[in-house]
Amino acid sequence: MRTKVAIIGAGPAGLLLGQLLRSYGIDNVILERHTPDYVLGRIRAGLLEEGTVALLDEVGAGSRAHREGLVHDGIELAFGGGRHRIDMKAATGKTVMIYGQTEVTLDLMNARKAAGLSTVYEATDVTPLDFDTDRPRVTYKKDGVTHEIACDFIAGCDGFHGVSRTSVPASAIQTFERVYPFGWLGILSETPPVSHELIYSNHARGFALCTMRSMHRSRYYLQCSLDDHIDQWPDDKFWDELKRRLDQKAVDQLVTGPSIEKSIAPLRSFVAEPMRFGRMFLTGDAAHIVPPTGAKGLNLAASDAHYLAVALREYYDEKSSAGIDAYSATALKRV
Amino acid sequence: MLHKFPDTGTIGARIQLHELDYVTSSKAAMTSLSENYVGLPF
């Protein structure tokens, strides 16, 4: 098989890149290690910047987000027993949209399917090869058979644990990392959110965040110890601890209910430099991890995909490598 | 500014509270936080 751009990873970064490239007339194939259901089962960020929504619109995958997403003009910061609103719209003229990463992924998957583009799910042993030459390849196994894709470029959109970054020789890459001495314990519940905007709470017992996926589904987080295990956090204990970290008004308004998802995530800051190695590029979490406060990971993945798609369009349409040469520096400036 | 850092002690927590006071009372600080939160342009 031959394609212009072989994309590794069918998360939001890979799917968005694929649709942007397609809109520029650049054919691409996506390889994904997991099944579509597995990809959609991952609960991730839930806040889109205006630029990210504009990219979804650009590839024709934004209509459900506009219909179902909640537009927020501000946030509240809780500390010292009180709450203080920050009016983001008044300060910047911009808003953010509450819309889950899972929904973004589903919308992009459907757009890709509708366009008849190729995604190979359950591709194992995916290996990027020869990206330091003019003839890069990607090999993978599907149903026990080894396949090879010859391509012009490889886009590594396969996340922090993906094969793309780890395929780069250690001498060619510099990494910077900070692991924080705590994690985020998150639950999802079919309850109305405690407030119509997000509450970020600084408390002597630790940080808490009240967010939402819709007006019927809430997401709450508690700063927890890295040694904690979700078995130690039955729902009642979670709600009790959350109440201790919120102001009285929020406690009175909080609606509790059974959790439908519960997980602990470590907090990490990680940056790999550069984001280009010959004819392979890293996009999104494959290149950088940011702490979840403000859902920047998803939005950074979207801006990376945008920069890379525009750079590749310049390469094919104008026969200029200026864009791909600048990609790493341009994308890193936003991290 | 929001998390409890086990290694910074009481002084660290007090500095964080002062930062929060500043960010919720200064127009410049609120604008800076907002710009980052809604996303830098791309």
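1. Helices H1 (12-23), H3 (50-58), H6 (101-114) and H10 (296-318) of chain A each supply at least two residues of the lining of the largest cavity, where helices are DSSP runs of H or I with at least four residues, numbered from the N terminus. The model is predicted, so that local features need pLDDT of at least 70 and side-chain atom pairs count only at pLDDT 80 or more, while totals for chains, interfaces and linings use all residues. Residues are numbered from 1 along each chain as its sequence is written, chains are lettered from A, and side-chain values use heavy atoms, without hydrogens and water.

2. A search of the whole structure finds one cavity of 30 Å³ or more, a cavity being a set of points on a 1 Å grid over the protein atoms alone where a 1.4 Å probe fits but cannot get out. The volume of the largest cavity, taken as the space filled by probe spheres set on the points, is about 50 Å³.

3. Among the residues lining the largest cavity, which have an atom within 4 Å of a point, are A:Pro12, A:Leu16, A:Thr52, A:Val104 and A:Ala301. By class, this lining has nine nonpolar, one polar and no charged residues, with Ala, Val, Leu, Ile, Met, Phe, Trp, Tyr, Cys and Pro counted as nonpolar, Asp, Glu, Lys and Arg as charged, and the others as polar.

4. H10(A) also packs with helix H11 (residues 322-333) of chain A, at an angle of about 165° and with their axes 8 Å apart. That makes H10(A) roughly antiparallel to H11(A), a term for angles over 145 degrees.

Note on methods:
On a 1 Å grid over the protein atoms alone, a cavity is a set of points where a 1.4 Å probe fits but cannot get out, and a pocket is an open set with protein on both sides within 12 Å along at least five of seven lines; lining residues have an atom within 4 Å of a point. Axes are lines fitted to C-alpha atoms, for helices over the stretch in contact, and angles run from 0 to 180 degrees between N-to-C directions. Angles under 35 degrees count as roughly parallel, over 145 as roughly antiparallel, 65 to 115 as roughly perpendicular and the rest as oblique.
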